[in-house]
Structure formats: C-alpha cells, structure tokens
Amino acid sequence: MTPAERPSIRSGVRLQWEAVQNGYVLLYPEGMVKLNTSAAEILRRCDGIRSVDDIVADLEATFKRGGLQDDVLRFLELATAQGWIDAPQS
C-alpha cells in the first residue's frame, strides 16, 4: 500500500459499533472480527476519498501523536490481505 492510495471498506464488509461487544466490529460473510481501538480508528477513515497520507495526518492530529505512518501502513496491508479493504490508486 502506498501513501497515495485511497482505501475503502470492501463491498460485503460492514464496519459497525456493537454495544454488546463494547466496540467496533467488522461483519462479513465469513464471520465477524472485533476490532481494537486503533484498528477501528484507522478503518473508520477508510472511505475511498482519503489517501493513506490523509488518514495518517488525521490520526496524528486527533490523537496528538506523530510517527504513526509505519503502524498505519502495516495495519492497512494486513486489512488488505484479510480482504477487509480495497485500495484503489488515487
């Protein structure tokens, strides 16, 4: 995944808050994954409009913490491999 790509939740996958789980989950035909807070914050920003750079900048501003790009990229690559997101080029 490159900084210019614009990831989005893949068709057939839904990100939603589950009160019973007290957190965000990904629902997809094969099952459900409960997300930790960091994963949920990244995926909530995967709208197909924002680039990876935009997502990183927003997270760093929101949480007042720099140096998140490597962690975000690693997670997005994992999410792509799991089939949770698509990442069309900008």
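## Overall form and internal packing of the chain

For a chain of 90 residues, a compact globule would be expected to have a radius of gyration near 12 Å, and the 13 Å found for this chain agrees with that value. The model is a predicted one. Taken along the principal axes, the C-alpha atoms fill a box of roughly 30 × 30 × 20 Å, and 33% of the 90 residues count as buried. Among the contacts with a separation of 6 or more, 52% are made by residues that lie 24 or more positions apart.

The secondary structure consists of three helices and five strands, which follow one another along the sequence in the pattern β-β-β-β-α-α-α-β.

### The sheet

Three of the strands form an open sheet in the order S2-S3-S4, and the pairing in this sheet is antiparallel. Strand S2 (14–18) and strand S4 (31–34) stand at the edges and have a single partner strand each, so that one side of each is left without a neighbour in the sheet. From one strand to the next, the twist averages 30 degrees.

The two pairings of strand S3 (residues 23–28) can be set out together.

| Strand pair | Sense | Bridges | A bridge pair |
|---|---|---|---|
| S2 and S3 | antiparallel | five bridges | Arg14 and Leu27 |
| S3 and S4 | antiparallel | four bridges | Leu27 and Met32 |

Leu27 therefore appears in both rows, since the bridge partner of Arg14 in S3 is Leu27, while the bridge partner of Leu27 in S4 is Met32. In a regular strand the side chains alternate between the two faces of the sheet. The hairpin of S2 and S3 has four residues between the strands, and in this hairpin Asn22 takes a positive phi near 55 degrees.

### The helices

Two packed helices are described by the angle between their axes and by the distance between the axes. In the case of H1 and helix H3 (residues 69–81), the axes come within 11 Å and cross at roughly 80 degrees, which means that H1 is roughly perpendicular to H3. Ala39, Ile42 and Leu43 make this contact on the side of H1, and Val72, Phe75 and Leu76 make it on the side of H3. By residue class, the contact of H1 with H3 divides into six nonpolar residues, with no polar and no charged ones.

Glu41 is also found in helix H1. With a relative accessible area of 16%, Glu41 is buried, because a residue under 20% is counted in that class. When residues up to four places away in sequence are not counted, Glu41 touches Leu59 and Phe63.

### The loop between H1 and H2

Which residues does Ser51 contact, leaving aside its neighbours within four places in sequence? Ser51 lies in the loop between helix H1 (37–44) and helix H2 (52–63), and its contacts, with those neighbours left aside, are Pro3, Ala4, Glu5 and Arg6. Although Ser51 and Glu5 are 46 residues apart along the chain, their C-alpha atoms are separated by 5.3 Å. Ser51 has a relative accessibility of 8% and on that basis counts as buried.

Conventions. Residues are numbered from 1 along each chain as its sequence is written. This is a predicted model: local features need pLDDT of at least 70, side-chain atom pairs count only at pLDDT 80 or more; totals for chains, interfaces and linings use all residues. Side-chain values use heavy atoms; hydrogens and water are left out. Helices (H or I, at least four residues) and strands (E, at least two) are DSSP runs, numbered from the N terminus. Buried means under 20% relative accessible area, exposed over 50%, partly exposed in between (1.4 Å probe, protein chains only). Contact means heavy atoms within 4.5 Å. Axes are lines fitted to C-alpha atoms, for helices over the stretch in contact, and angles run from 0 to 180 degrees between N-to-C directions. Angles under 35 degrees count as roughly parallel, over 145 as roughly antiparallel, 65 to 115 as roughly perpendicular and the rest as oblique. Ala, Val, Leu, Ile, Met, Phe, Trp, Tyr, Cys and Pro count as nonpolar, Asp, Glu, Lys and Arg as charged, and the others, Gly among them, as polar. Two strands pair if DSSP finds at least two bridges between them. The radius of gyration is taken over C-alpha atoms; the globule rule is 2.2 Å times the number of residues to the power 0.38.
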